[in-house]
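Biologist: I'm new to this structure, and I'd like a close look at a single part. Please take me through the largest pocket, and then show me how the rest sits alongside it.

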Amino acid sequence: MPVRPLAPVVPLASSPLASRFAVTHFWLPVAIGLPLFTLLMGFGGDQWLADHLFRLEGGQWALQNSWLTRSVVHKGGKWLSTAAALVVMLLCFHHWRRGRDRTLRWALLYVVIAMALGTGAISLLKSLVPMDCPWDLLRYGGHEPFVGLFSNRPTGMAARACFPAGHASAGYAWLCLYFFALLWRPSWRRAGLWIGLGSGLVFGIGQQLRGAHFLSHDVATALICWLLSLGLYLMVRRQLDRSTRQEAIA
């Protein structure tokens, strides 16, 4: 009986999930984000940090309605992010009508969709996950006991919408600028990364100082926005590569 030859062993590096890009852009963020989220949410890290902030503010959320955190960071940041998104939408519309740079057209469309996808996904999760804000909890002067993310809420307990961090998503959604740069101007990628991280951190810290969120809420938002931006980038990159090959054949 003839011996059937063994199938050739595919090198690990040939797998898309084992590529250097996948390691740095998918596995590394997940390897950092998930353990950090677990440490904060499951092992008391959230409460430890919130306890310190609450104590520093004099046993109350003194910055909850302050001009800086409420008017500048919360309201002003939201309007600034919305205005920036509208500018990108106008640029996208203009370049798809009259622009000659096909890559730029797709890159701008990518940002528009990524922003909508990131903020929309976070808003949807907030509406589906009934979790309390720190300022709602008895521990911090509120009226509700703490109920964990995966715990059953007592019957009759009001449903809140404090997870993930909605306002921070208006900042972390701009992580898509990193992938925008990869599509159009790779040398700008670090600037895009820091814009997304910086705005998300400012928005997130502002809300934590107000007692509106725990740190784990922001970690979840940042990771979700990053992964959604990454997945959309891979789809747009594939479309651009396909278009380039078709033009080369023609």
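Modeller: Here is the overall layout, then the pocket you asked for, and then some other places to visit.

A quick note before we dig in: this is a predicted model, where local features need pLDDT of at least 70 and side-chain atom pairs pLDDT 80 or more, while totals for chains, interfaces and linings use all residues. Residues are numbered from 1 along each chain as its sequence is written, and side-chain values use heavy atoms, without hydrogens or water.

Let's start with the whole chain. You'll find eight helices and zero strands in it (DSSP runs numbered from the N terminus: H or I of at least four residues for a helix, E of at least two for a strand). Read from one end of the sequence to the other, the pattern is α-α-α-α-α-α-α-α. Along the principal axes, the C-alpha atoms fill a box of roughly 70 × 65 × 35 Å. The chain has 250 residues, and 42% of them count as buried (under 20% relative accessible area; exposed is over 50% and partly exposed in between, with a 1.4 Å probe and protein chains only).

Now for your pocket (on a 1 Å grid over the protein atoms alone, an open set of points with protein on both sides within 12 Å along at least five of seven lines; lining residues have an atom within 4 Å of a point). The largest pocket has a volume of about 590 Å³, counted as the space filled by probe spheres set on grid points joined across faces, edges and corners. Its lining runs to 22 residues, and if you head for the centre, the ones lying nearest are Pro 29, Ile 32, Gly 33, Leu 197 and Ala 222. Helices H1 (20–42), H7 (189–210) and H8 (215–249) each put at least two residues into that lining. H1 supplies the largest share, with seven residues.

Two of those helices deserve a second glance. Val 23 lies in helix H1, and this residue is partly exposed, with a relative accessible area of 41%. Over in helix H8 you'll meet Leu 228, also partly exposed, at 28%. For a feel of distances, pair Leu 228 with Trp 48: they are 180 residues apart along the chain, and their C-alpha atoms are separated by 30 Å.

Next, the second largest pocket, with about 360 Å³ of space. This one is lined by 24 residues, and Ser 81, Thr 82, Thr 119, Ser 169 and Ala 170 lie nearest its centre. Here helices H3 (67–98), H4 (102–128) and H5 (166–172) each give at least two lining residues.

There is one cavity of 30 Å³ or more, too (a set of points where a 1.4 Å probe fits but cannot get out). The largest cavity has a volume of about 50 Å³. Among the residues lining it are Asp 46, Trp 61, Pro 134, Gln 208 and His 213. Helix H2 (residues 45–56) gives the most to this lining, with four residues.

Last stop: helix H6, residues 176–184. Nine of its nine residues are buried, so H6 is largely enclosed by the rest of the structure. To find them, look for residues including Cys 176, Tyr 178, Phe 179, Phe 180 and Trp 184.
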